[in-house]
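These are my notes from a first pass through one structure. I looked up strands, helices and a handful of single residues.

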Amino acid sequence: MAYVHTEIASQPGCWRQAGELAPSVLDRLPRPGERVAVVGCGTSWFMGMAYAARREAAGQGETDAFQASEYPADRRYDRLLAITRSGTTTEVLDLLAALRGRTPTTVLVGDPGSPAASLADAAVTMPFADERSVVQTRFATTVLALLRAHLGDNITALVADAEVAVRAPLPIDPALIEQVTFLGRGWTIGLAQEAALKCREAATFWAEAYPAMDYRHGPIAVAAPGRLVWAFGELPDGLPEDVAATGAAFAHSRTHGVRTVLGRWAAGRTPVDPMADLILAQRFAIALAASRGLDPDAPRHLSRSVVLT
């Protein structure tokens with residue numbers, strides 16, 4: 001079995017550990033009222049986007065997310081929070097070095113012995129969530145679970161939803177789909193971007209991502225029979241109907257396989273947390289790879305960490 005299959009399935013346990021870890025690292029994470037920049041590359045950047053939007057919505061303070069290479073050097077923050085699984089990514093290391101002595105920095109990292117853990121003023125190490133796969137899944141979501149626990153989110157409920165998502169049927173057979181577009185609102189825009197990246201990385205598949213409210217301002221033009229629109233979180237009024245009119249399939253946690261497993265929306269309850277829905281999207285991407293005869297543990301042109309020389 002591919003490493004990534006095992007790592008995706010392990011996410012409920014990793015999220016539980018993140019919730020248990022959160023109280024012991026309070027002094028290393030952003031304090032209420034701090035102006036915070038979150039940086040990362042690829043998947044880590046998308047998790048930073050999700051956290052930044054959720055932290056602001058929680059009233060914790062102004063929070064921006066940047067690709068590490070695009071951090072605005074002339075802008076001042078109370079703290080920089082860097083996310084890096086390997087702790088060896090060149091852009092993150094360069095930024096941490098440049099900010100040393102100027103801006104307090106915290107790194108969330110998988111490898112405790114990595115250069116990033118030494119360069120940052122504070123480190124939260126999460127070796128229990130580190131991965132062998134090139135394609136990131138559990139490390140990124142476990143970081144977000146930790147940050148959400150720090151914001152006061154109910155991690156026990158989140159873990160319960162994750163346990164459903166690792167065994168729920170996929171919303172549609174990936175072999176029947178030629179293109180997918182993921183949508184989000186607020187903090188779930190980052191999740192949508194990450195879901196699309198997983199399809200591109202693991203399966204070299206045509207996948208896009210947009211804010212849900214902007215989808216009808218152009219991107220809906222690619223929707224058609226044989227294509228899929230997958231929305232995370234809050235749905236704009238009328239969106240499912242507009243997608244249906246194009247002939248494209250539509251997936252949302254109120255409508256797809258999670259509901260089939262537990263029938264949990266029948267009494268009017270809310271759907272699974274969007275992070276649990278992301279697990280389904282990860283599984284969809286890996287199933288896409290299999291349907292295309294690809295090895296998700298050996299994605300084309302990618303390595304586990306980008307180290308520039």
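**Entry 1. Ground rules.** I am working with a predicted model, where local features need pLDDT of at least 70, side-chain atom pairs count only at pLDDT 80 or more, and totals for chains, interfaces and linings use all residues. I number residues from 1 along each chain as its sequence is written, and side-chain values use heavy atoms, with hydrogens and water left out.

**Entry 2. Cysteines.** I began with the disulfides. A disulfide is a covalent bond between the sulfur atoms of two cysteines. My rule was a pair of cysteine sulfur atoms within 2.5 Å, and the count by this rule is 0 disulfides. I then looked up the burial of two cysteines, with buried meaning under 20% relative accessible area, exposed over 50%, and partly exposed in between (1.4 Å probe, protein chains only). C14 has a relative accessible area of 4%, so I noted it as buried. C199 is buried too, because its relative accessible area is 0%.

**Entry 3. Strand β3.** For helices and strands I use DSSP runs numbered from the N terminus, with helices being H or I of at least four residues and strands being E of at least two. Strand β3 covers residues 79-84, and 6 of its 6 residues are buried. I checked the two faces: R79, L81 and I83 lie on one side, L80, A82 and T84 on the other, and all are buried.

Which strands pair with β3? I count two strands as paired if DSSP finds at least two bridges between them. β1 and β3 are joined by 4 bridges in the parallel sense, and V39 has A82 in β3 as its bridge partner. β3 also pairs in the parallel sense with strand β4 (residues 105-109), over 5 bridges. One bridge there sets L81 against T106 in β4. From β3 the chain passes through α4 to β4, a right-handed β-α-β crossover. Right-handed means that, with the strands pointing away from the viewer, the path from the first strand over the helix to the second runs clockwise.

**Entry 4. Residue A97.** I stopped in helix α4 (residues 90-99), where A97 sits. A97 counts as partly exposed because its relative accessibility is 43%. Its C-alpha is 9.1 Å from that of A116, with their positions 19 residues apart in sequence.

**Entry 5. The sheet of 4 strands.** I wrote down the order of an open sheet of 4 strands: β7-β6-β8-β9, with parallel pairing. Why do β7 and β9 stand at the edges? β7 (207-211) and β9 (249-251) each have a single partner strand, so one side of each is left without a neighbour in the sheet. On average, neighbouring strands of this sheet are turned by 20° against each other, direction ignored. Strand β6 (residues 179-184) and strand β8 (residues 227-231) run parallel and are joined by 5 bridges. Q179 stands opposite R227 in β8.

**Entry 6. Two packed helices.** I looked at helix α6 (residues 138-151) and helix α11 (residues 274-291), whose axes are 11 Å apart at an angle of about 180°. That makes the pair α6 and α11 roughly antiparallel, the term for angles over 145 degrees. The axes are lines fitted to C-alpha atoms, for helices over the stretch in contact, and angles run from 0 to 180 degrees between N-to-C directions. For contacts I use heavy atoms within 4.5 Å. T141, L144, A145 and R148 in α6 meet M275, L278 and Q282 in α11.

**Entry 7. Residue T188.** I found T188 in helix α8 (residues 188-203). T188 counts as buried because its relative accessibility is 2%. Not counting residues up to four places away in sequence, T188 touches F232, G233 and P274.

**Entry 8. R31 and R55.** Is R31 buried or partly exposed? R31 is partly exposed, at 40% relative accessibility, and lies in the loop between α2 (11-21) and β1 (36-40). Leaving out residues up to four places away in sequence, R31 touches R55, Q60 and R79. The C-alpha atoms of R31 and D111 are 24 Å apart, with 80 residues of separation along the chain.

R55 belongs to helix α3 (residues 43-57) and is buried, at 1% relative accessibility. Beyond four places in sequence, the contacts of R55 include P30, R31, E34, Q60, E62 and L151. R55 and H150 are 95 residues apart in sequence, and 9.7 Å apart in space from C-alpha to C-alpha.

Terms used
Parallel < 35°, antiparallel > 145°, perpendicular 65-115°, else oblique.
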